[in-house]
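Let's take a walk through this structure together. Have a look at the sequence and the 3D view first, and then we'll go piece by piece.

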Amino acid sequence: MKYRNILAFFLAALPVSVIIRLLQVLYVTEPVTGFVKKGFEGVNALMVIIMVISVSVTAILSFTAHRQPTKPPRFNPLLAVASFALGGSMAYEIINETFVSAVRYWQIILLDIFGMLSVLFFIIYGIALFIRLPLPRLLSLIPAVYCIMRLICIFTTISSLTLVMDNVMILASYCAVLLFFTSFAKLYNGIDSEHNFRKLLASGLCSAVICFADSIPRVIIRITGNASALRHSASSTAAILLFGVFSLVFTLTFFSRRNREENNKPTHRH
């Protein structure tokens with residue numbers, strides 16, 4: 001399928017998922033417990049099905065694409081800003097977050113170590129998008145390892161809590177981000193098969209849909225003064241939002257026509 005048609009479906013799926021999730025939080029679930037309100041079980045199931053279909057079809061369509069850019073994005077101020085912002089939000093989350101007692105101390109230590117390494121990576125990556133700065137390939141693996149540690153801590157936390165929709169969404173967000181950064185690392189380590197390009201496109205767009213559907217409703221609820229109804233912190237909201245922003249900006253930049261044209265320009269040697 002043509003790339004622009006895939007983007008057209010994505011641009012429809014994104015606001016639909018965000019709006020449905022916002023309505024779900026405001027009207028379908030209990031503000032205090034997060035459970036589905038009595039009598040709204042059918043409505044909630046329908047909302048979940050629509051969001052799952054939106055993400056699934058986006059992924060399926062992405063695997064029909066044929067764009068294969070030859071090199072990662074180079075000079076790109078917008079992507080650099082997204083990288084700096086993501087690094088800052090991660091640092092803010094690491095400094096301000098707390099965990100339940102079920103999370104082991106060694107898990108928190110590893111999460112903080114790879115979190116700060118990821119912050120450093122996104123700062124260096126952002127700088128590299130402004131100037132010609134060599135970026136060691138193995139550094140691109142750090143965000144994926146961080147996502148693994150984050151998922152371990154989330155699973156451990158949720159095991160002692162109720163598995164409500166809020167917790168399902170944050171798990172889904174980091175699972176999607178992990179898939180994106182796995183393909184991201186493969187790209188920067190030269191594993192550039194056609195299948196990996198399709199996974200990169202699928203995971204990038206799906207990460208944006210899931211992360212935005214999780215974080216934007218939370219932002220809106222906080223702005224309207226109903227933060228007491230939320231079960232996740234403002235730092236967590238900012239991090240997930242900016243993970244979605246980074247994955248989307250990178251994906252659109254990497255698969256853009258301009259990037260393809262720049263990569264195909266002949267290199268003149270003097």
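**Salt bridges and the helices around them**

Let's start with charged pairs: the count of salt bridges comes to four. Keep in mind as we go that this is a predicted model. In general, side chains of opposite charge can pair when their charged atoms come close.

Take R21 and D166. These two form a salt bridge, with their closest N and O atoms 2.4 Å apart. Along the chain they are distant, sitting 145 residues from each other: R21 belongs to helix α1 (residues 3-28), while D166 belongs to helix α6 (residues 165-188). Are these two buried or exposed? The cut-off for buried is a relative accessible area under 20%. R21 has just 3%, so it is buried. D166 has 11% relative accessibility, so it counts as buried too.

Now move over to R150, which has a hand in more than one pairing. The side chains of R150 and E93 meet in a salt bridge, at 3.5 Å from N to O. Because R150 lies in helix α5 (residues 142-158) and E93 in helix α3 (residues 77-96), this pair ties together parts that are 57 residues apart in sequence. R150 also meets E97 in a salt bridge, this time at 2.7 Å from N to O. Here the link runs from helix α5 to the loop between α3 and α4 (105-128), where E97 is found, and the two residues are 53 apart. Put the pieces together and you get a network of salt bridges linking E93, E97 and R150. And where does this network sit, buried or exposed? R150 and E93 are both buried, and E97 is buried as well.

Let's step back and look at the whole chain. How many helices and strands does it have? There are nine helices and zero strands, so to speak an α-α-α-α-α-α-α-α-α pattern when you read along the sequence. The chain has 270 residues, and buried ones make up 48% of them. If you take the contacts with a separation of 6 or more, 81% are between residues 24 or more positions apart. As for the outside, the accessible surface comes to about 13300 Å², and 69% of that belongs to carbon and sulfur atoms.

With that in mind, return to α5, the home of R150. This helix has 17 residues and reaches 24 Å from its first C-alpha to its last, close to the 24 Å expected. Since 13 of its 17 residues are buried, α5 is largely enclosed by the rest of the structure.

One of the helices that α5 packs with is α4. Two packed helices are described by the angle between their axes and the distance between the axes. For α4 and α5, the angle is about 145 degrees and the axes are 9 Å apart. The crossing of α4 past α5 is left-handed. Many residues take part: from α4, they include L110, F114, F121 and F122, and from α5, they include Y146, M149, R150 and C153. So R150 turns up again here, among the α5 residues that meet α4.

F122, in helix α4, deserves a closer look. At 1% relative accessibility, F122 counts as buried. Leaving aside neighbours within four places in sequence, F122 is in contact with S83, F84, L86, G87, M90, P143, F181 and F246. There's also S140, which is 18 residues from F122 in sequence and 9.4 Å away in space, C-alpha to C-alpha.

Next comes α6, the helix that holds D166. Its 24 residues should span 34 Å at 1.5 Å a residue, and its end C-alpha atoms are 35 Å apart, which agrees. Most of α6 is covered, with 18 of its 24 residues buried. After α6 you'll find G190, whose phi is positive, near 80 degrees.

Our last stop is S247, in helix α8 (residues 234-254). S247 counts as buried, because its relative accessibility is 1%. Which residues does S247 touch, leaving aside its neighbours within four places in sequence? S247 is in contact with F180, G204, S207 and A208.

Key:
Residues numbered from 1 in each chain as written. Predicted model: local features only at pLDDT ≥ 70, side-chain atom pairs only at ≥ 80, totals over all residues. Heavy atoms only, no water. Helix = DSSP H or I, 4+ residues; strand = E, 2+ residues; numbered from the N terminus. Buried < 20%, exposed > 50% of the residue type's maximum accessible area, 1.4 Å probe, protein only. Contact = heavy atoms within 4.5 Å. Areas by Shrake-Rupley, 256 points an atom, 1.4 Å probe, with all protein chains shown as cover. Expected span 1.5 Å × (residues − 1). Axes fitted to C-alpha atoms, helices over the stretch in contact; angles between N-to-C directions. Left-handed = near helix turned anticlockwise from the far one by under 90°.
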